[in-house]
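Trainee: I should like to learn how to read a fold from its model. Where should one begin?

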Amino acid sequence: SSDLSTLQLFLEFPRLQVITAIARTSYCNAFNLLADMASRGGCAYLFFVNNDTRGFSPDLFEHLISDLSPEIALVSPRIYDFTQADIHWRPRTKWGISWDLATEAYLVDAAVWNRLGGFTSSFAMYCEDLDFLLRLRAIGMDARLNTDVKLDHMGGAAVRTMLFVPTFFYMRNLLWLQRRGA
């Protein structure tokens with residue numbers, strides 16, 4: 001970010017640790033790097049969330065953590081768009097992949113994340129969540145949606161000026177998933 005938002009964060013939250021990068025990196029690589037840092041720091045859970053979100057339920061983390069179990073390693077809240085219409089959380093099947101959770105925000109057991117090696121970095125962005133979910137299921141674990149908590153997601157705010165980039169990565173990564181037998 002080229003504005004003063006980092007400075008504003010430090011002023012408002014002095015104990016906050018902000019990690020800055022010299023060069024732009026992919027969505028997957030950024031999350032992998034931060035998840036690795038958090039895991040090495042002793043975090044038991046990792047929370048992944050898109051940057052165009054707001055309106056988090058006050059008890060979001062308590063609910064998500066309480067749903068984790070030996071069989072469930074990933075839990076998401078219900079997602080609404082900024083106009084409060086439900087989006088992205090209904091059960092669905094696309095390209096042979098079934099899921100009933102939101103992938104705009106979710107909590108993951110850090111030990112399972114590390115066991116699976118995080119996001120597949122070659123995906124860069126888009127479908128990395130489905131790839132992770134498929135690998136999670138391959139080791140006998142699953143994910144769950146918690147409808148008691150929610151957050152709001154603008155949807156596409158971070159890539160609106162990129163024109164064809166999102167379409168390219170989305171289509172390419174779906175083809176990769178299909179080729180791998182998803």
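Mentor: Begin with a definition: two strands pair if DSSP finds at least two bridges between them. With that criterion, the predicted model shows five strands in an open sheet of mixed pairing, ordered β1-β6-β3-β7-β2. The edges are held by β1 and β2 (53-54), each having a single partner strand, so one side of each is left without a neighbour in the sheet.

Trainee: Over how many bridges do β2 and strand β7 pair, and in which sense?

Mentor: β2 and β7 (residues 142-153) are joined by two bridges in the antiparallel sense. Within this pair, Thr53 stands opposite His153 of β7. Helix α3 (residues 60-67) packs on the sheet and touches β1, β3 (72-81), β6 and β7. The direction of α3 makes about 170 degrees with that of β7.

Trainee: What joins β1 to strand β6 at the other edge?

Mentor: Five bridges join β1 to β6 (residues 105-109), and the two strands run antiparallel. Phe47 stands opposite Leu107 of β6, and Val49 has Ala105 as its bridge partner. β6 also pairs with β3, again in the antiparallel sense, over two bridges; there Leu107 is the bridge partner of Val75. As for cover, four of the five residues of β6 are buried.

Trainee: How should one read the side chains along a strand, and which of those in β1 are buried?

Mentor: The general idea is that in a regular strand the side chains alternate between the two faces of the sheet. Strand β1 (residues 45-49) follows this alternation. Leu46 and Phe48 point to one face and are buried, whereas Tyr45, Phe47 and Val49 point to the other face and are not buried.

Trainee: Which residues have the most contacts inside the largest nonpolar core?

Mentor: A nonpolar core is a set of buried nonpolar residues joined through side-chain atoms within 4.5 Å. The largest one here has 28 residues, and Phe48, Leu74, Trp113, Phe119 and Leu136 have the most contacts inside it. Apart from this core lies another, of seven residues, among them Leu60, Ile72, Leu107 and Val149.

Trainee: With which residues is Leu74 in contact, leaving aside its neighbours within four places in sequence?

Mentor: The partners of Leu74 include Leu68, Leu101, Tyr106, Leu107, Val108, Phe132 and Leu136. Asp142, Ala143 and Arg144 are also in contact with Leu74. Across the protein, residues 24 or more positions apart account for 74% of the contacts with a separation of 6 or more.

Trainee: How many residues of helix α5 are buried?

Mentor: Eight of the eleven residues of α5 (residues 128-138) are buried, and the helix is mostly covered. The buried set includes Leu130, Phe132, Leu133 and Leu136, and also the charged residues Glu128, Asp129, Asp131 and Arg135. After α5 comes Gly140, whose phi is positive, near 85 degrees. In the protein as a whole, buried residues make up 39% of the 182 residues.

Trainee: Which element has the lowest mean pLDDT, and which the highest?

Mentor: The general rule is that where pLDDT is low, the predicted coordinates should not be read in detail. Among the elements, strand β4 (residues 92-94) has the lowest mean pLDDT, 69, and α3 has the highest, 97. The mean for the protein is 83, and 87% of its residues reach 70 or more.

Methods:
Residues numbered from 1 in each chain as written. Predicted model: local features only at pLDDT ≥ 70, side-chain atom pairs only at ≥ 80, totals over all residues. Heavy atoms only, no water. Buried < 20%, exposed > 50% of the residue type's maximum accessible area, 1.4 Å probe, protein only. Contact = heavy atoms within 4.5 Å. Axes fitted to C-alpha atoms, helices over the stretch in contact; angles between N-to-C directions. pLDDT = per-residue confidence, 0-100.
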